[in-house]
Amino acid sequence: MATTVDLRYPIGNYESKPYSEHRKQEWLNDIRFLPQSIENAILNLDEHQLQTPYREGGWTVQQVVHHVADSHMNAFCRFRLGLTEDKPAIRPYNEAAWALLKDVQVIPVNVSITLLYALHTRWHAMISDLPIGDWEREVYHPEADKIMTLWYLLGNYAWHSRHHVAHITSLRQRNNW
């Protein structure tokens with residue numbers, strides 16, 4: 001019997017993991033190399049392919065790329081707040097509504113990829129050599145009503161990077177692009 005993959009979560013859901021130096025380096029590399037990974041994932045896609053949803057009822061490839069830029073801009077700010085304030089509240093945002101804004105429809109994906117290269121260069125530099133204690137710094141997410149450590153956020157955004165790249169690459173595989 002064939003296993004059905006949930007196209008919404010091609011690499012599974014995020015699961016928090018305990019701190020380890022090895023895992024930290026893996027997750028930092030996910031942050032560092034996300035721009036190249038997403039650029040490789042969309043390489044040579046035409047306009048029709050960029051407007052194809054990664055699953056029925058899902059975002060188009062173009063929306064996914066712009067979403068990653070939107071999400072990771074927020075992540076960058078969340079880390080900065082977490083490193084400079086005592087348990088700050090982080091700002092939630094409506095991802096689905098952001099994906100429908102005009103810029104997502106009309107701006108080419110290369111603009112968001114360029115933004116991701118600059119953003120991830122700064123983000124990686126900011127967090128790549130944090131003392132171990134800083135990973136335990138906390139932020140408060142009011143929508144989830146949850147306190148999260150920077151370690152949790154690092155893992156979550158490393159997963160988020162791989163998650164959305166997999167949306168695109170699995171679509172390409174299914175469609176033989």
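## A walk through the helices

Start by selecting helix α7, residues 150-175. At 1.5 Å a residue, its 26 residues should span 38 Å, and its end C-alpha atoms are 37 Å apart, so the two values agree. Keep in mind as you look around that this is a predicted model.

Stay with α7 and switch on a surface. How many of its 26 residues are buried? The count is 20, so α7 is mostly covered, given that buried means under 20% relative accessible area. Now step just past the end of the helix: α7 is followed by N176, which has a positive phi, near 55°.

Next, look at what α7 helps to build. Select F79, W123, I127, W135, L153, L154 and Y157 together: within the largest nonpolar core, which has 23 residues, these touch the most other members. Colour the helices and you will see that α1, α3 (61-84), α6 and α7 each supply at least two residues of this core. Which helix gives the largest share? That is α7, with 7 residues. In soluble globular proteins, nonpolar side chains tend to be buried together.

Zoom in on W123, one of the core residues just selected. Setting aside neighbours within four places in sequence, W123 is in contact with I31, H72, A75, F76, F79 and Y157. Then pick out L50, V65, V68 and V109, which are among the members of a second, separate core of 18 residues.

Now for two residues with other kinds of side chain. Select K24 in helix α1, residues 21-42. Is K24 buried or exposed? K24 has a relative accessible area of 7%, so it counts as buried. Beyond its neighbours within four places in sequence, K24 is in contact with Y19, L130, W135, W151 and L154. You have already met W135 and L154 in the largest core.

Move on to H124, which sits in helix α6, residues 109-127. Its relative accessible area is 18%, so H124 is buried too, the cut-off being under 20%. If residues up to four places away in sequence are not counted, H124 touches L28 and R32.

Finish on the outside. Select V106, in helix α5, residues 102-106. V106 counts as exposed because its relative accessibility is 52%, and exposed means over 50%. Add I107 and V111 to your selection: with V106 they form a nonpolar patch on the surface, and together the three have about 230 Å² of accessible area.

Note on methods. Residues are numbered from 1 along each chain as its sequence is written. This is a predicted model: local features need pLDDT of at least 70, side-chain atom pairs count only at pLDDT 80 or more; totals for chains, interfaces and linings use all residues. Side-chain values use heavy atoms; hydrogens and water are left out. Helices (H or I, at least four residues) and strands (E, at least two) are DSSP runs, numbered from the N terminus. Buried means under 20% relative accessible area, exposed over 50%, partly exposed in between (1.4 Å probe, protein chains only). Contact means heavy atoms within 4.5 Å. Patches are made of residues with over 30% relative accessible area and no salt bridge: like charges are joined within 9 Å, nonpolar side chains (Val, Leu, Ile, Met, Phe, Trp, Tyr) within 5 Å. Accessible areas come from the Shrake-Rupley method with a 1.4 Å probe; for residues, only the protein chains shown count as cover. A salt bridge is a side-chain nitrogen of Lys or Arg within 4 Å of a carboxyl oxygen of Asp or Glu. The expected span of a helix is 1.5 Å times one less than its number of residues. A nonpolar core is a set of buried Ala, Val, Leu, Ile, Met, Phe, Trp, Tyr and Cys residues joined through side-chain atoms within 4.5 Å.
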